[in-house]
Amino acid sequence: MNITSQIKQPIFSEMELFEKKFHESMTSKVALLNRITYYIVNRKGKQMRPMFVFLTAKMVSGGTVNERTYRGASVIELIHTATLVHDDVVDDSNRRRGFFSINALWKNKIAVLVGDYLLSKGLLLSIDNGDFDLLKIISVAVREMSEGELLQIEKARRLDITEEVYYEIIRKKTATLIAACCALGARSVIEEDDIQVENMRKFGELIGMAFQIKDDLFDYSEEAIGKPTGIDIKEQKMTLPLIHVLNTCSPQEKKWLINSIKNHNKDKKRVKEVIAFVKNNNGLAYAENKMIQFQQEALSLLENYPDSEFKDALTLMVNYVIERKK
């Protein structure tokens with residue numbers, strides 16, 4: 001059994017029912033919209049976010065979920081899907097999970113409108129059911145994701161990014177949505193316990209941080225595709241291995257690195273030299289250590305919960321985040 005199936009096992013029936021409810025939550029009277037949402041639903045990813053919602057809810061409640069949990073999972077997946085559709089427009093990307101993206105098939109104008117539609121569907125699902133506490137968690141996540149993207153665009157032009165700013169970018173861009181999943185899961189079943197909800201929010205945030213650093217490391221790794229890609233370098237994205245090396249190398253080396261990233265990022269030979277330089281100057285080892293710190297901190301937040309198959313699945317999920325090969 002693969003890792004994802006193992007993680008899903010304690011919430012298998014919930015995930016099956018969720019898929020049905022999620023599909024229903026997307027429907028519209030407009031035939032074009034239904035055709036596009038059908039295309040989206042049939043090309044879903046691993047569905048890690050709803051899995052976080054159900055596992056967290058079941059762990060903190062001793063094994064129960066309710067209608068609010070299903071709505072929370074649907075809202076998160078609707079919002080997440082909306083951001084992916086919009087991201088593909090922003091990045092001018094033609095592929096998503098190995099298939100054509102919405103903007104590639106139906107053009108940017110329709111893709112932006114579909115993203116807006118999914119976003120509004122998510123918000124209305126909460127409002128129509130009076131889930132204002134859940135809506136607040138989600139709205140904060142949407143605001144932070146937008147801020148994170150814009151902060152990255154603003155800082156990328158200057159290439160003088162500090163480690164603190166990098167953490168702020170990835171916390172907002174990536175970690176905030178996973179934090180929202182875990183907070184939603186807890187809040188859906190324990191409405192009065194703010195401490196537990198905050199505990200689970202922090203847990204999700206820490207996993208999100210580790211997840212993004214792992215993604216950054218793939219740019220230098222030969223595991224996934226047999227050779228390092230250097231895509232982040234070509235796109236002038238400042239990731240943790242590079243930031244660490246920029247902050248610790250000599251002024252002359254720093255000048256060469258910045259010049260390489262700014263002016264020679266399309267030169268394959270030069271990109272290879274940058275990758276080698278980052279590797280040889282402790283950039284990867286430093287980023288890996290930071291990733292493991294976030295992972296260990298996340299696991300420590302589970303220690304106070306009684307042993308259960310849900311806690312085991314969440315532990316497996318945390319470990320999978322940093323051990324995955326793609």
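Helices α8 (residues 163–189) and α11 (residues 240–248) have axes that come within 10 Å and cross at roughly 170°. That makes the pair roughly antiparallel, because an angle over 145 degrees is what earns that label. Keep in mind that this is a predicted model. The protein has 15 helices and 2 strands, and we'll start with the α8 and α11 pair before moving on to the core and a few single residues.

**Where α8 meets α11**
- On the α8 side, the residues involved are Glu-163, Tyr-166 and Tyr-167.
- Their partners on α11 are Leu-240, Ile-243 and Asn-247.
- Sorted by class, this contact has 4 nonpolar residues, 1 polar and 1 charged.
- Here's a handy bit of background: an α-helix has 3.6 residues a turn, so residues three or four places apart point the same way.

**α11 and its surroundings**
- How many of the 9 residues of α11 are buried? The count is 7, so α11 is largely enclosed by the rest of the structure.
- The buried ones are Leu-240, Pro-241, Leu-242, Ile-243, His-244, Val-245 and Leu-246.
- Their cover includes α8, α9, α12, α13 (268–280) and α14 (283–300).
- Take α12 (residues 251–263) from that group: α11 packs against α12 at about 145°, and the two axes are 9 Å apart.
- In that contact, α11 brings Leu-242, Val-245 and Leu-246, while α12 brings Lys-254, Leu-257, Ile-258 and Ile-261.
- The class count for the α11 and α12 contact is 6 nonpolar, no polar and 1 charged.

**The nonpolar core**
- In soluble globular proteins, nonpolar side chains tend to be buried together.
- In this model, the largest nonpolar core has 97 residues.
- Which members touch the most other members of this core? They are Met-200, Phe-203, Ile-213 and Leu-242.
- Helix α8 gives the most to this core, with 13 residues.
- Met-200 has plenty of partners once you set aside neighbours within four places in sequence, among them Thr-56, Met-59, Cys-182, Ala-186, Leu-302 and Tyr-305.

**Three residues to look up**
- Thr-174 sits in helix α8, and it counts as buried because its relative accessibility is 13%, below the 20% cut-off.
- Beyond residues up to four places away in sequence, Thr-174 touches Gly-208, Phe-211 and Gln-212.
- Lys-214 is in helix α9 (residues 194–218). Is Lys-214 buried or exposed? At 11% relative accessibility, Lys-214 counts as buried.
- Lys-214 touches Met-291, Val-321, Ile-322, Glu-323 and Arg-324, again leaving out residues up to four places away in sequence.
- Ala-82 belongs to helix α5 (residues 67–90) and is buried, with a relative accessible area of 2%.
- Ala-82 and Leu-113 are 31 residues apart in sequence, yet 9.6 Å apart in space, C-alpha to C-alpha.
- Gly-115, Leu-118 and Leu-119 are what Ala-82 touches, not counting residues up to four places away in sequence.

**The whole protein**
- Of its 326 residues, 50% count as buried.
- Looking at contacts with a separation of 6 or more, 73% of them come from residues 24 or more positions apart.
- The protein exposes about 15900 Å², and carbon and sulfur atoms supply 53% of that area.

Conventions
Residues are numbered from 1 along each chain as its sequence is written. This is a predicted model: local features need pLDDT of at least 70, side-chain atom pairs count only at pLDDT 80 or more; totals for chains, interfaces and linings use all residues. Side-chain values use heavy atoms; hydrogens and water are left out. Helices (H or I, at least four residues) and strands (E, at least two) are DSSP runs, numbered from the N terminus. Buried means under 20% relative accessible area, exposed over 50%, partly exposed in between (1.4 Å probe, protein chains only). Contact means heavy atoms within 4.5 Å. Accessible areas come from the Shrake-Rupley method with a 1.4 Å probe; for residues, only the protein chains shown count as cover. Axes are lines fitted to C-alpha atoms, for helices over the stretch in contact, and angles run from 0 to 180 degrees between N-to-C directions. Angles under 35 degrees count as roughly parallel, over 145 as roughly antiparallel, 65 to 115 as roughly perpendicular and the rest as oblique. Ala, Val, Leu, Ile, Met, Phe, Trp, Tyr, Cys and Pro count as nonpolar, Asp, Glu, Lys and Arg as charged, and the others, Gly among them, as polar. A nonpolar core is a set of buried Ala, Val, Leu, Ile, Met, Phe, Trp, Tyr and Cys residues joined through side-chain atoms within 4.5 Å.
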